Amino acid sequence: MKALVVVDVQNDFIPGGALPVPRGDEVVAVINQLMPRFDLVVATQDWHPKNHLSFASNHLGKKAFETVDLNGIPQTLWPDHCVQGTSGADFVKGLDLRPIQAIFRKGTDPEVDSYSGFYDNGGKTTGMAGYLRERGAKEIYVVGLAGDYCVYYTAKDGLKEGFTTYLIEDATRSLDEENFARIKQELTSAGARIITSKDLE
Ligand code: VGL
Ligand code: ZN
């Protein structure tokens, strides 16, 4: 059984948002078209408290996109984004929410960032792997934003969790396309399959 995992299609990650992914809004129409082809659709939602330590604003004298050490893990600092309850954290208007059967919120611990929808950067689970397994998913198809962060880490952890893992490349956009080109090679070597939405028609 195949599941679609829709990663972080939230206002702050599209043009006009706090941490915009270039052309990030273009994934919405593609994802809406994909959803009816799946037995199960789940979504992740980046959901930070205001005092989250991935925000540059919570580090004296630091700017966004600098790196710091956060509890022994290198942490890229971001502009404040996806703050719990703000419109930036809402799903993008136009994304069809009706087929989404479960939503996994992540990044809620102020001390730990969470790129993957499966577990945070400290290894704590969101419960998504167990949910997908209990619902009978064997194959997961990962889409959404950003291709070189949360989509990448979610696909990587999907493989680790034993799912046959696909990344639908026209249903994602990246902060840095060159970085994403490298990531596609890495994921392919790790056993993921990079496809386009046309391959599912
Ligand atoms: C993301 C950076 C920080 C993402 C989330 O959804 O890719 N990137 N938080
Ligand atoms: Zn975040």
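**Exercise 1. A charge over a ring**

Find the ring that the charged end of Arg-105 sits over, and give the distance to its centre.

*Solution.*
Step 1. Work in the predicted model. Start from the charged end of Arg-105, which sits over the ring of Trp-47.
Step 2. Read the distance: 3.7 Å from the ring centre.
Step 3. Turn to Lys-2. Its charged end sits over the ring of Tyr-141, 5.6 Å from the centre.
Step 4. Check the distance cut-off. The atom NZ of Lys or CZ of Arg must be within 6 Å of the ring centre.

**Exercise 2. Classify two aromatic pairs**

Decide how the rings of Tyr-115 and Tyr-149 are arranged: stacked, edge-to-face or tilted. Then do likewise for Phe-118 and Tyr-119.

*Solution.*
Step 1. Set the scene: the structure holds 11 aromatic pairs.
Step 2. Take Tyr-115 and Tyr-149. Their centres are 5.4 Å apart, with 65° between the planes. Planes over 60 degrees apart count as edge-to-face, so this pair is edge-to-face.
Step 3. Locate the partners. Tyr-115 lies in the loop between strand 5 (100–106) and helix 2 (128–134), and Tyr-149 lies in helix 3 (residues 147–160). They are 34 residues apart, and the pair links distant parts of the chain.
Step 4. Add burial. Tyr-115 has a relative accessible area of 11%, so Tyr-115 is buried. Tyr-149, at 21%, counts as partly exposed. The cut-off for buried is under 20%.
Step 5. Take Phe-118 and Tyr-119. The values are 6.4 Å centre to centre and 50° between the planes, and the pair is tilted.
Step 6. Check burial here too. Phe-118 is buried at 0% relative accessible area. Tyr-119 is buried at 17%.

**Exercise 3. Trace a cluster**

Which residues do ring pairs link into a cluster with Tyr-115?

*Solution.*
Step 1. Begin with the pair of Tyr-115 and Tyr-149.
Step 2. Extend through the ring pairs. The cluster holds Phe-65, Trp-78, Tyr-115, Tyr-149, Tyr-152 and Tyr-153.

**Exercise 4. Describe the largest pocket**

How much space lies in the largest pocket, and which residues line it nearest the centre?

*Solution.*
Step 1. Give the volume: about 220 Å³.
Step 2. Give the lining: 15 residues. Nearest the centre lie Ile-73, Tyr-115, Asp-120, Asn-121 and Tyr-153.
Step 3. Assign elements. Strand 4 (73–76) and helix 3 each give two or more residues to the lining. Helix 3 supplies the largest share, five residues.
Step 4. Sort by character: six nonpolar, five polar and four charged.
Step 5. Tie back to the rings. Tyr-115 and Tyr-153 lie nearest the pocket centre with others, and both belong to the cluster of ring pairs.

Note on methods: Residues are numbered from 1 along each chain as its sequence is written. Chains are lettered from A and ligands numbered from 1 in the order in which they are written. This is a predicted model: local features need pLDDT of at least 70, side-chain atom pairs count only at pLDDT 80 or more; totals for chains, interfaces and linings use all residues. Side-chain values use heavy atoms; hydrogens and water are left out. Rings of Phe, Tyr and Trp (its six-membered ring) pair if their centres lie within 6.5 Å; planes under 30 degrees apart count as stacked, over 60 as edge-to-face and the rest as tilted. Helices (H or I, at least four residues) and strands (E, at least two) are DSSP runs, numbered from the N terminus. Buried means under 20% relative accessible area, exposed over 50%, partly exposed in between (1.4 Å probe, protein chains only). A charge sits over a ring if NZ of Lys or CZ of Arg is within 6 Å of the ring centre and within 35 degrees of the ring normal. On a 1 Å grid over the protein atoms alone, a cavity is a set of points where a 1.4 Å probe fits but cannot get out, and a pocket is an open set with protein on both sides within 12 Å along at least five of seven lines; lining residues have an atom within 4 Å of a point. Grid points are joined across faces, edges and corners, and a volume is the space filled by probe spheres set on the points. Ala, Val, Leu, Ile, Met, Phe, Trp, Tyr, Cys and Pro count as nonpolar, Asp, Glu, Lys and Arg as charged, and the others, Gly among them, as polar.
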